[in-house]
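Welcome, and thank you for taking a look at this protein with me. Please keep the sequence and the 3D view at hand while you read.

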Amino acid sequence: MAYETENIWQNISPEEEKEIQDFAKDYAEFMDENRTEREFIRSTVEKLQQEGFVDLAEVNNLEEGSKVYTTNQEGALLAAIIGQEPLSQGLNLVGAHVDAPRIDLKPRPLFAEKELGFFTTHYYGGIRKYQWVTLPLALHGVVVKEDGSKINIAVGMEAEDPVFYITDLLPHFAAEQREKKLKEAIKAEQLNVLVGSRPADDDEETEENNSDKDKDLASVKKALLQLIEERHGITEEDLISAELQLVPAQKSRDVGLDNTLIGSYAHDDRICSYTALRALTSMETGSKTAAIILVDREEVGSMGTTGMQSRFFENVLARLIAKSSSDYNDLMLREALENSTALSGDVTAGFDPDFAEIASKNNTPYLNHGINMTPYTGARGKGGASEASAEFRSKIRRIWNNNGVAWQATEMGEVDKGGGGTIAKFLANYNISVLDCGPAVLSMHSPFEIASKADLYHTYLAYKSYLEN
Ligand code: MN
Ligand code: MN
């Protein structure tokens with residue numbers, strides 16, 4: 001009669017253990033190869049193509065079993081397997097976000113001061129600034145030159161690559177800093193990234209144009225610009241039309257002695273994006289059309305063309321309907337939206353005994369207890385969130401129970417202490433029934449987050465069983 005959840009590892013079969021460990025290895029590899037939104041979307045497309053999905057633009061007529069994908073500026077993606085029922089009957093949709101907190105370069109990033117060269121930065125999303133200093137960082141992104149050609153940058157993940165670095169104060173002189181509030185100890189404008197220290201060799205130009213006082217300062221920047229031009233063909237003005245980000249250079253690792261935990265940058269929310277991708281590519285054609293949508297910009301409010309608030313999803317759905325029937329009209333799109341349901345895949349805060357005071361009494365997410373069914377997110381009285389209906393929760397619970405999914409019903413933390421948001425409410429705006437669900441993580445938004453391999457695998461099972469039913 002009582003509702004209780006179990007630790008997945010306890011009494012686990014050797015077969016399931018192997019499936020979990022294999023899945024976690026694939027995941028870790030994917031995470032290490034894809035550090036930015038664009039990289040993640042590009043690799044997702046590759047994986048979809050390998051599994052027989054084709055670009056929607058190349059298909060004129062969709063029929064039962066058609067597998068298609070489409071992307072939006074390398075920031076968002078929708079992939080679908082057309083089901084037996086007409087699209088006006090709605091989709092089974094899993095949505096997740098591919099962006100993660102990080103440190104972006106400003107439009108004019110490069111400067112030198114006292115013979116040290118830096119990139120100045122503007123952080124993206126909810127970072128705790130003190131966690132991002134004195135770490136090896138990788139520089140990833142894209143530079144688009146004036147002629148429209150694109151240069152992909154990825155420096156710092158390979159063993160032979162250099163890394164980048166934000167300094168901190170030595171403890172010997174940190175007496176004043178120590179007394180500051182945690183949020184003020186490292187300021188946003190101090191997140192300058194060390195990129196070099198070699199001055200340019202003297203030449204006539206520098207002799208003539210620089211006063212003695214400015215010479216050294218200017219010459220480190222000059223040398224760096226020369227080097228960037230030589231190595232990448234990029235000028236200082238090119239950096240203005242660029243999206244360059246600093247991400248942790250630390251690869252994913254097993255954490256602890258017993259092979260249960262995996263540490264990685266950006267579990268939030270690539271763990272849900274990856275499991276959604278694997279769920280779609282391993283399922284059979286269902287009665288409903290199954291789809292996944294991966295979006296950018298959740299960490300800053302889901303605004304922008306590639307965020308969940310964009311019309312991208314609606315436009316793609318319209319295109320899917322138009323390519324599945326000869327008589328497209330707007331009502332078919334409205335009906336397809338209204339008849340759809342969705343899982344909003346996102347992580348939640350796992351119980352951490354060191355910070356037990358934020359846990360929600362009797363409703364705490366535990367690592368290794370499976371995917372979390374989180375009816376609502378929001379903060380302080382469910383503020384700013386949608387909420388899944390009892391009927392929809394019942395349906396999902398039935399599907400998961402029938403398919404051996406380990407799951408737990410939880411909320412993120414103590415009611416008046418904080419909260420969070422996801423893309424769920426933007427899906428709900430379409431009148432789509434939507435439920436938040438994803439694995440718990442520790443140290444969310446830090447450069448190295450902790451998740452459970454068992455939860456990772458059961459998140460995949462949860463998405464797959466939902467898409468199929
Ligand atoms: Mn998230
Ligand atoms: Mn987040």
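The report below goes from the overall form to a few chosen residues.

**Conventions**

This is a predicted model, in which local features need pLDDT of at least 70 and side-chain atom pairs count only at pLDDT 80 or more, while totals for chains, interfaces and linings use all residues. Residues are numbered from 1 along each chain as its sequence is written, chains are lettered from A and ligands numbered from 1 in the order in which they are written, and side-chain values use heavy atoms, with hydrogens and water left out.

**The whole protein**

The protein has twelve helices and 23 strands; these are DSSP runs numbered from the N terminus, with helices (H or I) of at least four residues and strands (E) of at least two. Its radius of gyration is 24 Å, close to the 23 Å that the globule rule gives for 469 residues, so the protein is as compact as a globular protein of that length. The radius is taken over C-alpha atoms, and the rule is 2.2 Å times the number of residues to the power 0.38. Along the principal axes, the C-alpha trace spans about 80 × 55 × 45 Å.

Of the 469 residues, 52% count as buried (under 20% relative accessible area; exposed is over 50%, and partly exposed is in between, with a 1.4 Å probe and protein chains only). Contacts (heavy atoms within 4.5 Å) often link distant parts of the sequence: among those with a separation of 6 or more, 77% come from residues 24 or more positions apart.

**Helix H8 and its surroundings**

Helix H8 covers residues 312-322 and is mostly covered, with eight of its eleven residues buried. Among the buried ones are Phe312, Phe313, Val316 and Leu317. The buried residues of H8 pack against strands E2, E3 (76-81), E4 (91-97) and E14 (289-295), and against helix H9 (330-338).

**Around the start of E2**

Ser66 sits in the loop between strand E1 (54-55) and E2, and Lys67 lies in E2 itself, which runs over residues 67-72. Is Ser66 buried or exposed? Ser66 is buried, at 14% relative accessible area, whereas Lys67 is partly exposed at 29%. Leaving aside neighbours within four places in sequence, Ser66 is in contact with Asn61, Ala80, Ile81 and Ile82. On the same basis, the contacts of Lys67 include Glu51, Phe53, Ala80 and Ile81.

**Cysteines**

A search of the whole structure finds zero disulfides (pairs of cysteine sulfur atoms within 2.5 Å). Cys272 is in no disulfide, and the nearest cysteine sulfur, in Cys437, is 7.4 Å away. That distance is too far for a bond. Cys272 counts as buried at 0% relative accessibility, and Cys437 is buried at 1%.

**Backbone details**

A cis peptide bond joins Asp268 and Asp269, with omega of about 10°. Asp269 is found in helix H7, residues 267-282. Two residues with positive phi, neither of them glycine, are listed here.

| Residue | Phi | Loop | Relative accessible area |
|---|---|---|---|
| Thr134 | about 55° | between strand E6 (116-124) and strand E7 (137-144) | 42%, partly exposed |
| Ser443 | near 55° | between strand E22 (440-442) and strand E23 (449-452) | 43%, partly exposed |
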